[in-house]
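Work through the exercises below with the sequence and the 3D structure in view. Each task is followed by a solution in steps.

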Amino acid sequence: MIALRLRQIALLLASFLLCGMAFYQMFYRTEGSFPSSFLTLLTICGVLSLIFWALVNHFQPYASQVLQPCVVMLTGIGAVMIARIDHEKGTAVAQRQLEFVCIAIVLCSLLVVFLRDYRLLRRFSYVSMVVGLVLLLSPMLPVFGQEINGARIWIKLPGIGQIQPGEFAKLFLAFFFAAYLFDHRDQLAVGGKKVLGLQLPRIKDLGPIIIVWFASMGVLVLQHDLGTSLMFFAMFVGMLYVSTGRLSWLVIGFIGFAVGAVAAASIFGHVGARVEVWLHPFDPQLYNRVGGSYQIVNGLFGLAAGGLLGTGLGQGMPNLTPFGNSDFIYASIGEELGLVGCMAVLMLYMIIIASGFVTAMKVKDGFGKLLASGLVFTMAFQIFTVVGGITLVIPLTGLTMPYMAAGGSSLIANYLLSTLLIIVSNAANKPAPEVSTDTFQYEALAVLRDHELKEREAEVAKQEKAAAKAVEAAEAGVEPLPATSDAMETEAIRQGDPGTPGTPGGRILTGGAR
């Protein structure tokens, strides 16, 4: 066990070392020295990460140990690029990002300590649904809701600032979806008619997916947020497939997504504009238009300038791309770290996703399977939409890269997501009790022997009570009821006669004989 813990802490320390080297190289190339404010914040983040690792080992000893180092590496790479762009623009976003990292680690530590068993979340399934919907629709409030860059997905709280509640809503809705699908998986798995070799579900079972489809379209209509609506719908369809194992649900979900996408592109101007930019990014009219393809084309130029190995930290121009520290941080990484750096980032995400799916396969509880698979699929879908949008595989959706993009809401929510995976992995990796050892067999025999002795004592006490009643009746001159064979046998045992009732050697106590 000690050797295992040493290997685990070595992974975490290696991630600290790589992130520290990246910060050192970037700062000395751009500023010539390492700012003391960053050194203090990085030290606090490192100490809190070690405390979190110790708490996981104490309260979740069988949890997966590959998630935290990967999350630390992704967070460090993102913070380096944010600080790099801050140097060019004269902003201080990176310092605030590291402060959010500290807050996220503290919240995750509390979650590890107080949520020992993830199955507790199943008890609050409908409460999670209400909380998730309230968070999702809270930006529509007239006082707190704010519209930024055409999307109304923010709320402003006094003393805290702007937060994006949809990032936290995905966690609560994942709890509800997992509990609901676990309770109704048998009904949803029943097939209806077959069409072209595909067994479709029954009409009455289409209600949940229709409701979620309308909710996703409502988010798109009211908040102009294409990414969030697609993410929630894809999360539910993915969890529905995991719970039932029927391919027909994926087909229905894809058809519903296609219908909704075509309708949204035709009805809503901002969705149609994104599709047009995706199809014709290098059109001069679109490039020069406000809200046109200027951002995505600059991101592509940045990726092209990076080449295979990149320009090097501090030697590129990622600040030329709008939102290069948030929505387009993947393009900024590709410019200064090249294709190799982009692939390394994707490999870190792949390790997290693979670990989550392994956890979902290993855990025996159905609710845990759905919860882990839903959380991991949500992260995978988010990464695919971001990278696909930047590289022109799909239209831009407005989502951000988990752990890397600037923004406290996304960072904290995704840290909590990874912590939930750690808690579920503890239950998945916990070894089953050994049933072949001598100690277990001895304890099992002892329990059986105690149980037999208690049953025998209870039976003897019952028989003695019946015999006592017979004696009292004889003394009172009342003819006793015929004694049962068990009572007579008990009285014979009390008299010391080994015989049994009904045999010549057995002496039975009757009437007034004492």
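**Exercise 1. Find how much space lies in the second largest pocket, and which residues and elements line it.**

Step 1. The second largest pocket holds about 840 Å³ of space. On a 1 Å grid over the protein atoms alone, a pocket is an open set of points with protein on both sides within 12 Å along at least five of seven lines, and a lining residue has an atom within 4 Å of a point. Grid points are joined across faces, edges and corners, and the volume is the space filled by probe spheres set on the points.

Step 2. Of the 38 lining residues, L230, A234, F254, F257 and F381 are the closest to the centre of this pocket.

Step 3. At least two lining residues come from each of α7 (207–223), α8 (226–244), α9 (247–267), α10 (269–279) and α14 (366–390). Helix α9 gives the most, with 11 residues. Helices are DSSP runs (H or I, at least four residues), numbered from the N terminus.

Step 4. By class, the lining has 28 nonpolar, 10 polar and no charged residues. Ala, Val, Leu, Ile, Met, Phe, Trp, Tyr, Cys and Pro count as nonpolar, Asp, Glu, Lys and Arg as charged, and the others, Gly among them, as polar.

A note on the source: this is a predicted model, in which local features need pLDDT of at least 70 and side-chain atom pairs count only at pLDDT 80 or more, while totals for chains, interfaces and linings use all residues. Residues are numbered from 1 along each chain as its sequence is written, and side-chain values use heavy atoms, with hydrogens and water left out.

**Exercise 2. Describe the largest cavity by its volume and its lining.**

Step 1. A cavity is a set of grid points where a 1.4 Å probe fits but cannot get out. The count comes to 3 cavities of 30 Å³ or more, and the largest has a volume of about 110 Å³.

Step 2. Its lining residues include F52, V71, C108 and Y415. Helices α2 (36–59), α3 (67–89), α4 (93–114) and α15 (408–429) each give two or more residues to this lining.

Step 3. The lining divides into 8 nonpolar, 4 polar and no charged residues.

**Exercise 3. Decide whether S243 is buried or exposed, and list its contacts.**

Step 1. S243 is in helix α8.

Step 2. S243 counts as buried because its relative accessibility is 14%; buried means under 20% relative accessible area, exposed over 50%, and partly exposed in between (1.4 Å probe, protein chains only).

Step 3. Leaving aside neighbours within four places in sequence, S243 is in contact (heavy atoms within 4.5 Å) with L181, R185 and L370.
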